[in-house]
Amino acid sequence: MRILLSNDDGVHALGIKVLYQELAKFAEVTVVAPDRNCSGASNSLTLLNPLRAQALDNGFISVNGTPTDSVHLGISQLMKPLPDLVVAGINHGANLGDDTLYSGTVAAATEGRHMGMPAVAVSLVGKDETHYITAAKVAAKFIKRLQQHPLPADQIININVPNVPLSELKGVKVTRLGHRHKAETMKSSKDPWHRDIYWYGSLGAELDAGEGTDFHAISEGYASITPLTVDMTAYKSMANMQEWICDFKL
């Protein structure tokens, strides 16, 4: 199996190194990742500047772009033959519920799927960098099973693992995305020259975090595995919308 591994925390992040070591036990892994932290980059592309790829001493490839750039460049230019799978992670922090919309980790996986590859995103839910090996073990076992259970063409897999020792992980649950309350408003302050600066506030509290959600699985000590669809069409609204535009004339 050939794997393209990327992330949004940057090519030097501990999470990608731990995941590489675990995946390299059974697969040929090529790392192509941003040269800096790109958390929150979502699916952004670098369009106004050229992309450059630099091979590091450890064999990883550093790209002066976003997670999406890294995966696109890896597939279109840097990996011959093409990978069998794109993996993104291990992210330092959760990618649960609504946060998946902003995640550069999930976006890297999504770009892999857009380019025709099955894809998996992996995140460690915790504030410190303690138990990446737990997330790496869960991801590796899941990826091995993908060989017998291929993903549908319109889906990626979003894995979140609690920051606990492997011996304390209660298991794995298949979940749906939960939802948060509206995030806090932005914070303002002054820079040393007394000019206004702004920072994003805290994440909103969990709104929909009941049984069956990714939030609930993590809170109960389970790893969460959520299939995400790439097609964002709201199919349930199409019939109703068709009715109220039937006499729509210009």
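W199 is exposed because its relative accessibility is 56%, where exposed means over 50% relative accessible area, buried under 20% and partly exposed in between, using a 1.4 Å probe and protein chains only. This residue belongs to strand β11 (residues 196-199); helices (H or I, at least four residues) and strands (E, at least two) are DSSP runs numbered from the N terminus. Beyond its neighbours within four places in sequence, W199 is in contact with M186, K187 and S189, contact meaning heavy atoms within 4.5 Å. The C-alpha atoms of W199 and T185 are 9.1 Å apart, with these positions 14 residues apart along the chain counted as their separation.

A word on the model: it is predicted, with local features needing pLDDT of at least 70 and side-chain atom pairs counting only at pLDDT 80 or more, while totals for chains, interfaces and linings use all residues. Residues are numbered from 1 along each chain as its sequence is written, and side-chain values use heavy atoms, leaving out hydrogens and water.

Now for the whole protein. It holds six helices and 13 strands, and its C-alpha trace spans about 60 × 55 × 45 Å along the principal axes. The radius of gyration is 19 Å, which agrees with the value near 18 Å for a compact globule of 250 residues; this radius is taken over C-alpha atoms, and the globule rule is 2.2 Å times the number of residues to the power 0.38. Of the 250 residues, 45% count as buried. Among contacts between residues at least 6 apart in sequence, 76% join residues at least 24 apart.

Two helices are worth a visit. In α2 (residues 67-78), the buried residues are P67, T68, D69, S70, V71, L73, G74 and I75. Their cover includes β1 (2-6), β2 (28-34), β3 (53-55), β4, β5 (85-92) and α3 (104-114). Helix α3 is largely enclosed by the rest of the structure, because ten of its eleven residues are buried. The buried residues of α3 pack against α2, β5, β6 (119-125), β7 (155-162) and β13 (222-229).

Strand β4 (residues 61-63), part of the cover of α2, contains S62. With 7% relative accessibility, S62 counts as buried. Not counting residues up to four places away in sequence, S62 touches V11, A33, D35, R52, A53, Q54 and L56.

The backbone has some less usual spots too. Most residues other than glycine have a negative phi, and most peptide bonds are trans. The exceptions here include the following.

| Site | Backbone feature | Place |
|---|---|---|
| K80 to P81 | cis, omega near -5° | P81: loop between α2 and β5 |
| G89 to I90 | cis, omega near 0° | I90: strand β5 |
| S42 | positive phi, about 50° | loop between β2 and β3 |
| H194 | positive phi, about 65° | loop between β10 (187-190) and β11 |

Are the two positive-phi residues buried or exposed? S42 is buried, with a relative accessible area of 19%, whereas H194 counts as exposed at 64%.

Finally, the cysteines. How many disulfides are there? The count is zero, a disulfide being a pair of cysteine sulfur atoms within 2.5 Å. C38 is buried, with a relative accessible area of 7%, while C246 is exposed at 63% relative accessibility.
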